[in-house]
Amino acid sequence: MRREENDLLTRTDAGTPMGELFRRYWLPALTCDELPHPDCPPVRVPLLGERLIAIRDSSGRSAILQEACPHRQASLYFGRCEDGGIRCAYHGWKFDADGQCLDIPSEPAVSRAREQIRVQAYPTLERGGVVWVYMGPPELMPAPPELEWATLPPYNLFVTRRLQECNYLQTMEGGLDSSHLSWLHRGTISSDPVLGTGRAGTDSSILGIIAADRNPRYDSVRTAGGLLLGARRMAGEGLYYWRITQFLMPCFNIIAPTGDLTLNAQAWVPLDDHNCWSWAVNYYVDKPLGEAEREAMRRGGGLHVEFVPGTHQSAANRGNDYHLDRAAQRGGDNFTGIPSFAMQDTAVQESQGRIADRTLEHLVSSDDGIIVTRRLLLDAARDNQAGRPIPGLGPQTQAVRAGSLIVPQADLKQVDTAPLRPLARDQRDWAADGNAE
Amino acid sequence: MRREENDLLTRTDAGTPMGELFRRYWLPALTCDELPHPDCPPVRVPLLGERLIAIRDSSGRSAILQEACPHRQASLYFGRCEDGGIRCAYHGWKFDADGQCLDIPSEPAVSRAREQIRVQAYPTLERGGVVWVYMGPPELMPAPPELEWATLPPYNLFVTRRLQECNYLQTMEGGLDSSHLSWLHRGTISSDPVLGTGRAGTDSSILGIIAADRNPRYDSVRTAGGLLLGARRMAGEGLYYWRITQFLMPCFNIIAPTGDLTLNAQAWVPLDDHNCWSWAVNYYVDKPLGEAEREAMRRGGGLHVEFVPGTHQSAANRGNDYHLDRAAQRGGDNFTGIPSFAMQDTAVQESQGRIADRTLEHLVSSDDGIIVTRRLLLDAARDNQAGRPIPGLGPQTQAVRAGSLIVPQADLKQVDTAPLRPLARDQRDWAADGNAE
Amino acid sequence: MRREENDLLTRTDAGTPMGELFRRYWLPALTCDELPHPDCPPVRVPLLGERLIAIRDSSGRSAILQEACPHRQASLYFGRCEDGGIRCAYHGWKFDADGQCLDIPSEPAVSRAREQIRVQAYPTLERGGVVWVYMGPPELMPAPPELEWATLPPYNLFVTRRLQECNYLQTMEGGLDSSHLSWLHRGTISSDPVLGTGRAGTDSSILGIIAADRNPRYDSVRTAGGLLLGARRMAGEGLYYWRITQFLMPCFNIIAPTGDLTLNAQAWVPLDDHNCWSWAVNYYVDKPLGEAEREAMRRGGGLHVEFVPGTHQSAANRGNDYHLDRAAQRGGDNFTGIPSFAMQDTAVQESQGRIADRTLEHLVSSDDGIIVTRRLLLDAARDNQAGRPIPGLGPQTQAVRAGSLIVPQADLKQVDTAPLRPLARDQRDWAADGNAE
């Protein structure tokens, strides 16, 4: 990859091509329960290089505002939400959820100065336990996100976000890269309390297929929303076993479950060019998560982590070598010696550097998923710059599901993936009214 | 404000216009008791972007010297004061309080090399419990500072300095800005053990005036030493209640007491462009401070803070969100939830960024004090560059006092502020001989 | 010194003149016992601005490889050594000790892609308890190092490396500078458990000479390997007492023992331009070290330090003012108040700045050793750039010993230093076969 392309793909401040592309989509900002009640404390949520805070106003409406008070740049994080807005701690200037200044206490009552004062406010909505934000041009705001997990009732899913100390792209590439599973996660993949293929509910015939063909072939197809990323294995005479990951623009994936286990979804949102928010979602489309499953996720199972209390920082992190245990690495099944699935990913991803230098890479055929994703992002960034249409904005393009299929041998583009599509919302037998919007 | 002006006002390294302006005045460097006895250990006191140390030599004289030994740049901080000078720990080179090299032990006794070797030494003097330093051109050294508190006996005052992790100017602007009192310090201003208006000694009729007119008007007048910054409220038929803060060049203020409480003074001295020393002084002009008042200040009352022991860092600081207590903020009188008066200031000031970006501001009429101070500083910096006279150098211009007055309605410049002036030193009934000079 | 020279001497990344000069020599990288057994965990050993790891493969061979996997730049530090190579934790790519890729598991068995893939691997050898690395052009690789201590059996020596948070050159200059001993190390030099002149085994007549002439003269002579750096004192009628330190290109010294104590050797290897590895070696040429001596070194005696466990960081360091004890400094023999010999050096060296600014220096006659060493390094860097021969590459030039002599008065270049030369290896009565090579 040329340096120009690496720069283009990894820089997301306002005004950059990739930054403007991200700003065309609804992005997850924080979980709804980080804003637990009306007029709760503000939360810092820096995104795409912008310093922002999230609040929930007196009416219960969530909002995402620029952090700096326009008066003299003090942080609204120290402010207090009350009576339909947030007041800056410094001089009491008050702003509503639309960013409009409501009060400048030191001004005479007749003053209309406040009418000219605004903070940047970005539209939000709440779905799937997440506060979503749209940071793009108002006239281009798309319909609300229809990723399947975002449309489910809260008891069906478990969602976390955490800080990762590197650029979003290398983190995302880790999530799109099937081929690292048998190395980075070896040992953990069977014993993990959430993903573990050794759990009841996994399908032993499928495990047999996976064990028998250790050298899957990769194929991909562009979709209206992003990409189908398939890994295929031989599944007996004339048959392929396809495992299909969905990539959705600009930074989402959905990973097929093994047997009856949960679906997994991820999202990677740039905090700035050197840090990102790593989102993990486990969900059943048709039933609630069990309490034991939730507890396992809270303790860092699956794609979740155990946190430093009160923060979004994983307890295992760069500063402590991710709790690397060399004896476990040497003696046991765990190929890395790093205890948790998610931290195995984080360790190698952060070790690529704050922004991986892709000019030094040597890609091979199993990197196909990464290559096609980069190409898709580059095309979309350029299309967006040129005012051409970009993929993944229509709700129908997002309502997809990952899964696995045993089908007659054929290229991925000939596989009928209809069985993977979720039911239309009006055909579902559960109510969506648990979700504030 | 244009970027050029923001840069000019906030940069104070040697050679910058504002740096050269600061170097025309006596500045507080450290407290006298940080150098507790002759030949005590050196103290690091970086100022205006220069690495400096303070010592007290065998004769008891304080001195401020460049930190780097001219031999090979090792820090004199590791050195030892003895027999009329400080010896560098590396090779024993010895310098006196004037910076003159007295000894190069490895040189032959006949060598005169030491005569050519000096460290930069800045003149100091001690007044008001403070070691003052003059870092400007020797031929322009002004008379010793005559700020009233600096001329008082030590038992009348309490002085501290602390590190603040941002540019001096935004810290100073916080000290000149009356209008934040009713917001940032709401709740604390009545309960603070030093400033508290709820204390015995405050004047209930004045509190009534303040309560009745919540929308004071601001006015200012340039003086020979700096500025009078007035806030006026209606005080009955044809009368104004003026509270008058004194700003003295280049970085001092004096705040009027409420009723019989102490006067407050502050100073803000650049450490470098991204950090400053924040000085706080409480004093009575005519009587000693009580021990209970001193103890309250030691514990962080008023404009003082509780320190990380052995440092100039406040225990509440950027790293721990200034001990922000969200429950206290939500439930109680304390508008910020930050326990101490001084840390409320620090939180919002540091949140403006290491150097506040004043090109993004939206100033209003209550920012008058800030606006006129910036203009005064810009004028003085340019006058100094052009070799024209600058304000605040004459001792008589510094002998002023803050206070409050009830007077017939008139502009501030028509108010007779003579009642606020301190007595001339020879008219006072206390002796100044407690102060080393 | 001009800025250009300071830059030239202190910058050692690949492609810089000094970086290319360092790359012409075998350099110590880590101790052999940091790689305790075949297939032990990798160790990070950044050198000369390059991110590197050290491994020991299944056959017991040590190797130094680039840290970044060529596939997608994940760190091989997280990898596992097994079956003749190290596998990257991310995708299992495997490399042997020569850097050749042996396996790309995701590639089809017939793929020859791996044949084109390499990581940078630098030649290593093990001598004197140290893994040495050669990072220069293969065709110019010199013979193995013949510094005397590197040829000794392991029971004769004690070797440590530690991180120092400044440029290598100022650290090295500290090691070549005899004249700081009587100041920086005053008090410690007699009581140190390793170097202490107060120990049994020191020669009281020599101590008498040293005490009697506190103003030694310095002289130096270029040798085929580097420099003789001599300090001479009067030793009675017509006699000089010479103490002779050997400097060997590009970063080694050997210090004469006092009486029957051990020889001391040091090496300073750039980690990057702002940090270096400081090596300390104590050794007897003809007998094993005693266990009590080893224990004293483990506890930070001599030029060694006590470590933060599991790291190369000294427990006393920049962050805690090197355990400076002002009361001890004031009251006692210890001139600095810093407890350990090695940390006294580190304190002043790090205080010179990350890269000392030599344009501000004032050198005197006792800095002769530093001056001639800089000149030697500058000459060698320029000779190397021009393709001319450089000193210190031949094994015979390295087989030298530091020591002290009482001889008739004469310049250093007239002194017969033959008594200081080690025996040729084939004349020694001990076997060298304890050293893997």
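**Figure 1. Overall fold of chain A in the predicted model.** The secondary structure of chain A consists of eleven helices and 19 strands. The radius of gyration of this chain is 23 Å, close to the 22 Å expected from the globule rule for 437 residues, so chain A is as compact as a globular protein of that length. Along the principal axes, the C-alpha trace extends over about 85 × 50 × 50 Å. Of the 437 residues in chain A, 61% are buried. Among contacts between residues at least 6 apart in sequence, 60% join residues at least 24 apart.

**Figure 2. Surface and charges of chain A.** Chain A exposes about 16,400 Å², and carbon and sulfur atoms supply 51% of this area. The chain carries 45 positive and 55 negative charges, and the mean positions of these two sets are 2 Å apart.

**Figure 3. Cysteines of chain B that remain unpaired in a structure with zero disulfides.** A disulfide is a covalent bond between the sulfur atoms of two cysteines. For C81(B), the closest cysteine sulfur belongs to C40(B) and lies 6.5 Å away, which is too far for a bond; the cut-off for a disulfide is a sulfur pair within 2.5 Å. C81(B) is buried, with a relative accessible area of 5%. For C276(B), the closest cysteine sulfur is that of C166(B), at 5.2 Å, again too far for a bond. C276(B) is likewise classed as buried, at 0% relative accessibility.

**Figure 4. Helix α9 of chain B and its surroundings.** Helix α9 comprises residues 341–351 of chain B, and eleven of its eleven residues are buried, so the helix is largely enclosed by the rest of the structure. Among these buried residues are F341(B), M343(B), D345(B), V348(B) and E350(B). The elements covering them include strand β12 (157–164) and the helices α3 (168–175), α4 (181–184) and α5 (188–191) of chain B. The helix is followed by G353(B), whose phi is positive, near 105°.

**Figure 5. Environment of Q266(A) in strand β17.** Q266(A) is located in strand β17 of chain A, which covers residues 263–272. This glutamine is buried, with a relative accessible area of 11%. Leaving aside residues up to four places away in sequence, Q266(A) touches G175(A), C251(A), F252(A), N253(A), I255(A), W279(A) and L303(A).

**Figure 6. Cis peptide bonds preceding P250 in chain A and chain B.** In chain A, M249(A) and P250(A) are joined by a cis peptide bond with an omega of about -10°. P250(A) lies in the loop between strands β15 (239–248) and β16 (252–255) of that chain. In chain B, a cis peptide bond links M249(B) to P250(B), and omega is about -10°. The position of P250(B) is in the loop between β15 (239–248) and β16 (252–255) of chain B.

**Figure 7. Positive phi angles at D321(B) and H323(C).** D321(B) has a positive phi of about 50°, although this residue is not a glycine. The residue is situated in the loop between helices α7 (291–298) and α8 (326–331) of chain B. In chain C, H323(C) is another residue other than glycine with a positive phi, here near 60°. H323(C) belongs to the loop between α7 (291–298) and α8 (326–331) of chain C. At 39% relative accessibility, H323(C) is partly exposed.

Methods:
Residues are numbered from 1 along each chain as its sequence is written. Chains are lettered from A and ligands numbered from 1 in the order in which they are written. This is a predicted model: local features need pLDDT of at least 70, side-chain atom pairs count only at pLDDT 80 or more; totals for chains, interfaces and linings use all residues. Side-chain values use heavy atoms; hydrogens and water are left out. Helices (H or I, at least four residues) and strands (E, at least two) are DSSP runs, numbered from the N terminus. The radius of gyration is taken over C-alpha atoms; the globule rule is 2.2 Å times the number of residues to the power 0.38. Buried means under 20% relative accessible area, exposed over 50%, partly exposed in between (1.4 Å probe, protein chains only). Contact means heavy atoms within 4.5 Å. Accessible areas come from the Shrake-Rupley method with a 1.4 Å probe; for residues, only the protein chains shown count as cover. Lys and Arg count as positive and Asp and Glu as negative; His and the chain ends are not counted. The place of a charge is taken as NZ of Lys, CZ of Arg, CG of Asp or CD of Glu.
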